[in-house]
Amino acid sequence: MAPLPVNILCGYLGAGKTTLLNRLLEQRQERILVMVNDFGDIAIDVSLISRRSADTIQLSNGCICCTMGGGLFEAFERALRFGNKVDRLVIEASGVAEPRRLASFALAEPDLDCRAVVAVTDPQTLPERLADPRIGKVVESQIRGADAVFLSRADIASRASMRRVARLTAGLNPLASQHRALDGVFMQALAAPHDGRSLLALAPERDHQRLFASRTITLGPAPERGRLAEIIERHRHTVHRLKGYVRCAGIERPLLVQLAGGALSLDPAALPEGMQVNRLVAISPDAKALARLEADLGLAVA
Amino acid sequence: MIPTVFSARRIITMDPSRPEATHVMVSSDGRILAVGGPEEMRGRGELRYDERFAEKVLMPGFVEGHAHMMEGSVWRFTYLGHYDRIAPDGRLWKGIGSTNALVERLRDRAGELADGPIIGWGFDPLFVPGDRLSRLDLDRVSTTRPVMVLHSNVHLLTANSVALEMAGYDENTDIPGVVHTEDGALHGELQEMGAMFPVMRRVGASFRSLSGDPEAVWNFARSACRAGVTTSTDLLNELPDDTLADLFAMTGDEGYPLRLVPMLSAMSLPPEAVAVRAKELRARSTDRLRLGGVKIVTDGSIQGFTAQLNAPGFHSGIDNGIWNIAPEALNTLVDELNREGVQMHIHVNGDGASLAAIEALEAALSGHFRPDHRHTLQHCQLADRAQLRRIAALQCCVNLFANHLYYFGDKHYEVTVGPERACRMNPCASALEMGIPLAIHSDAPITPLAPLVTAWCAINRLTDSGRQLGSSERISLDAALNAITLGAAYTLKLDGELGSVEVGKRADFAVLEDDPYVLGPESLREVRVWGTIFGGKPVQAGSF
C-alpha cells in the first residue's frame, strides 16, 4: 500500500485555516480525511468544517508528558486505519501547534508521506500576533516551519497590509512560496514534499538537530540568465535548495530562480511586494559547498 | 445492622474542635456515628468492637488531588527509573544505576514474560554514568524480540535493532529525531513523538494501551491502598461513554476500595459542549465515582522545558515552551465554564501559564462572580507572591506539586530555573499565609503516589542530594497533614463528606503503623502504612 499523503495547515486562531480547509473539501477532487487538532480553538471551528466530502477525526492537543493524554498518537493510529479508503490526510493544526511537531509524525511514519506544510495567516492581524509576547514565538514558528504561506482574506485586506505581511513572512521564511488564492499553483505547492531540513536550516536559534546550513548570496546587478543557470546547475548535487528573485540582463520581468529536488527552474514571475531582488537563499548539508557556490556566482555574475 | 467501634492508639481527626480521639463508631453503611474516647461510644444499642487497630494510628483517608490512572497501567511495563519504587502488587523495584543493571533487569523480564515485546519505562539517563544507552545495549537483551525503553520524560525512547527494523529505520534514515552514531549507524535513541511513533505503534506500546482498562483501575486502587489513600483524582480523562460504563461497573464492585474523581478533559469536546457534558456527568456521580469537574491543560512541564515561563525564562537549556490551548481560547473556555457553574482544575506549570490562567479567571469572575467556585490552579509551581496575591483575591485554590522539590529539585536548582526560583517554587507557606486553600500532590505516576511523602516534601523542602530549597517556604506538620486530607478534599468540593474524622462523614481512614507526631516532621516519610478503612471496612495493603 502506498503511504498516505499528509498536508498540515497551521496558523493562529482566526487566521483562516477552516475557511481554506472547507474550500479544499469543496473541490471534491479527492477523498480527504480531516484531522482537527484542537477543540480549544474558537467555538465554531469544528461545526464550520463541511462534512460532505471528508471523514473527520477530532483529537485533543497535548504533549504526553504534560497532559498524560495520548490524543495525538491515537489520532494518527485511527487515521492509518483508514488505509487506502482515502487519498489524502489534511491536518488542521490547533492555533498554538508548532508544525514541526506534527510534521515529524508524517516524516517518520513509513505509512505516511509528508507533503507541504501550509501556514495560514491573516494579513490584518499577523503583525500584532507576532508582537504578542505570549504567542509571538508560536506564530513565528508556524511561518518558519511552512513550505507555503497562504495569505487569507486577500479580497478584503488592504493593499498595504498585504504588502507588509508578504514582506514579514518572506523575511521569516524566504523559502516558502506565497499564495493568495486556491488556484492551480497552490494545489501544486500542496502536493510538493515537505522540506523540513531546509526550513530548519533557516531557524534562528541553535538546534542540535540542525544538519543543514544556509547562506544568503547577493548577486551583482543584471547577471546573464544562461550563465547563472549554468553555474547553479554545476552545484545541483551539493546544494539541496535554492530560491530567490533575480533581474537578468535583457529580460524585462524578474525571474523566480528555484532549485528543488535537483531540478532548476527560472521562470518569469511577479516580484512579491517588499521582496528584495538578486538575493538567493541556498541550503546544503555541506557549508563548504555553499561557500563554493557563492564564490562561483560572485566571480561569474557579480 | 450493628455499628462497629474501632479503637486506636490515636486517631488524628483533622477536626480542630476535637483534634484527637481513640475510638470511632461507624455504621454498617460506612458513616461515622461517633468520635471520642471509650465512654463516648454509647447510645446506639448493641455495638461490635474491633480491636485490631488498637496499636495503630488512624487518620482520615488521604486524598490525592492530582494523580493519573496511568499509575495503574504503566506497571505492565518494566520499571527502570532511578528511585526505588513499589508496584501496585507490592513488588519493590530497586532504582537502576547502571546500563548493565538495566540490561540485566530487562533480560530477567524477558524470561518472565511470554513471547513478545520487552518494554521498560521511567529510565533517566542523567542518573546512569557512562555512554548513553544505545541500540547495542538493548541488543544484549534480545536479538529476536523488540526491546524498547521509554525515558522518564516520555519525550525519548531507546530501541533495539529488532524494534528499529520494524519501524523501517536503518542507517540511511534521514528523519529528525532518529539519532545516528558518528559512523552513521543507527544509535537507537529516538527523540520526540514523531520519531517515536512508528516504533511504539509496531511494538504495541501506544499510549492508548495505557488508559484505564479493568486491570489498571484495580491497580490504581492497590497503589492507593498502600499509601493510605481512599480518594484519588484521575486528573485528565476524556470520559467517553464506554470508559464511563467501565468505571461505573468497576467502582460499583462491593470490594473496590477507592473513591475515584476523574476530571473531564476540556480538550476532548468542543468548548460549548464541555459544560453540558460536565453537568450531565455530575448528575451521575455515585459514592465511589465522583464526576463533574473539568481539567484544562495550558502549558507543558518545567523539567521538559515545555512550560511557559515569564522573563527571564529558563535558567539554562533550550526553551521549548508550548501552549496546549491558546491564551485567547483559554479566556473563552474559562468564562464559559465559570458562567455555567462548572468547577475547573487548570494545569499551569510555568509562571507564564499561571499568569494566563489568573487573567482568564479575573475576567470570568468579574463578569459572573460565583461564591465558593473553588477553581483550582494545578501544579502552579512558579507563581510568585504577586501572582499568589491575585489568586487569593480571586478566592481560587492551589494544588502545589510538592514532590517536585525532592524528585526534580536539584535539576531545577542547577538547570531549569536556577537557585532563586528553585528556592521559591511550590510556595506552600506563602499560599497559606495568604489564606489560599492548599493541597499538595504527586502527579502519579510522574512521582510515586504517597501523600505522606508529599507532606514530607512540603515540610522539609529537601532535594534528593539533601539541599534545602527555601527554608521560608517550609510548612508545619499540621499544615502538611491538612493539605493531604481536608485541604485536598476542599479542592474537590468533598470536604463536607470526607477529609476529616467527624460524625456524619464517610468512614474512610488511613491506617498507620507509626504515629506521624511521634516520628516527627523530619521522618514523616518513614511512617509505615498498614492500609485503609474504606466505608467502614478494613482493607489491608496487598490483600486484593
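Reader: Which residue stands opposite Val6(A) in E5(A)?

Author: This is a predicted model, and the place to begin is strand E1 (residues 4-10) of chain A. E1(A) runs parallel to strand E5 (residues 112-121) of chain A, and 6 bridges join the two. Within this pairing, the residue in E5(A) that stands opposite Val6(A) is Cys114(A).

Reader: To which strand do 4 bridges join E1(A)?

Author: In this further pairing of E1(A), the strands run parallel. Val6(A) stands opposite Leu89(A) there, and the bridge partner of Asn7(A) is Val90(A). The strand that E1(A) meets through these 4 bridges is strand E4 (residues 88-92) of chain A.

Reader: How many of the residues of E1(A) are buried?

Author: Leu4(A), Val6(A), Ile8(A) and Cys10(A) point one way from E1(A), and they are buried. Pro5(A), Asn7(A) and Leu9(A) point the other way, and these are buried as well. In a regular strand, side chains alternate between the two faces of the sheet. E1(A) is thus mostly covered, and the count of buried residues is 7 of 7.

Reader: Why is E4(A) largely enclosed by the rest of the structure?

Author: On one side of E4(A), Arg88(A), Val90(A) and Glu92(A) are buried. On the other side, Leu89(A) and Ile91(A) are buried, so that both faces are covered. E4(A) is largely enclosed because the residues of this strand that are buried number 5 of 5.

Reader: What share of the 302 residues in chain A is buried?

Author: The secondary structure of chain A comes to 12 helices and 12 strands. Among contacts in this chain between residues at least 6 apart in sequence, 72% join residues at least 24 apart. Of the 302 residues in chain A, the buried share is 49%.

Reader: Which helix gives the most to the side of domain 1 of chain A that touches domain 2 of chain A?

Author: The domain assignment of chain A gives domain 1 (4-201) and domain 2 (213-301). Their contact takes 11 residues from domain 1 of chain A and 11 residues from domain 2 of chain A. On the side of domain 1 that touches domain 2, helix H8 (159-172) and helix H10 (196-201) of chain A each supply at least two residues. The helix that gives the most, with 4 residues, is H8(A).

Reader: Which are the edge strands of the open sheet of 5 strands in chain A?

Author: The order of the strands in this open sheet is E8-E12-E9-E10-E11 (chain A), with antiparallel pairing. An edge strand here pairs on one side only. The edge strands are strand E8 (213-218) and strand E11 (263-268) of chain A.

Reader: What is the bridge partner of Ala213(A) in E12(A)?

Author: E8(A) pairs with strand E12 (residues 279-284) of chain A in the antiparallel sense. This pairing extends over 6 bridges. In E12(A), the bridge partner of Ala213(A) is Ser284(A).

Reader: At what angle does helix H11 of chain A run to E11(A)?

Author: Helix H11 (residues 225-234) of chain A lies across three named strands. These are strand E9 (241-246), strand E10 (255-260) and E11 of chain A. The angle between H11(A) and E11(A) is about 155°.

Reader: How far apart do the C-alpha centres of domain 1 of chain B and domain 2 of chain B lie?

Author: Chain B is divided into domain 1 (78-204) and domain 2 (266-496). The separation of their C-alpha centres is 32 Å.

Reader: What is the relative direction of H10(B) and H11(B), roughly parallel or roughly antiparallel?

Author: The axes of helix H10 (residues 351-367) and helix H11 (residues 385-393) of chain B come within 11 Å and cross at roughly 25°. The crossing is left-handed, and Asp351(B), Ser354(B), Leu355(B) and Ile358(B) in H10(B) meet Gln387(B), Arg390(B) and Ile391(B) in H11(B). Angles under 35 degrees count as roughly parallel. The two helices, H10(B) and H11(B), are therefore roughly parallel.

Reader: Is Asp464(B) buried or partly exposed?

Author: Asp464(B) is placed in the loop between helix H16 (451-460) and helix H17 (477-483) of chain B. Beyond residues up to four places away in sequence, Asp464(B) touches Tyr406(B), Tyr407(B), Gly409(B) and Asp410(B). A buried residue has 20 or more other C-beta atoms within 10 Å. Asp464(B) has 15, and is therefore partly exposed.

Methods. Residues are numbered from 1 along each chain as its sequence is written. Chains are lettered from A and ligands numbered from 1 in the order in which they are written. This is a predicted model: local features need pLDDT of at least 70, side-chain atom pairs count only at pLDDT 80 or more; totals for chains, interfaces and linings use all residues. Two strands pair if DSSP finds at least two bridges between them. Two residues are in contact if their C-beta atoms, placed from the backbone, lie within 7 Å. Axes are lines fitted to C-alpha atoms, for helices over the stretch in contact, and angles run from 0 to 180 degrees between N-to-C directions. Domain bounds come from an automatic or database domain assignment. A residue is buried if 20 or more other C-beta atoms lie within 10 Å of its own, exposed if 12 or fewer, and partly exposed in between; C-beta atoms are placed from the backbone. Angles under 35 degrees count as roughly parallel, over 145 as roughly antiparallel, 65 to 115 as roughly perpendicular and the rest as oblique. A crossing is left-handed if the near helix is turned anticlockwise from the far one by less than a right angle, and right-handed if clockwise.
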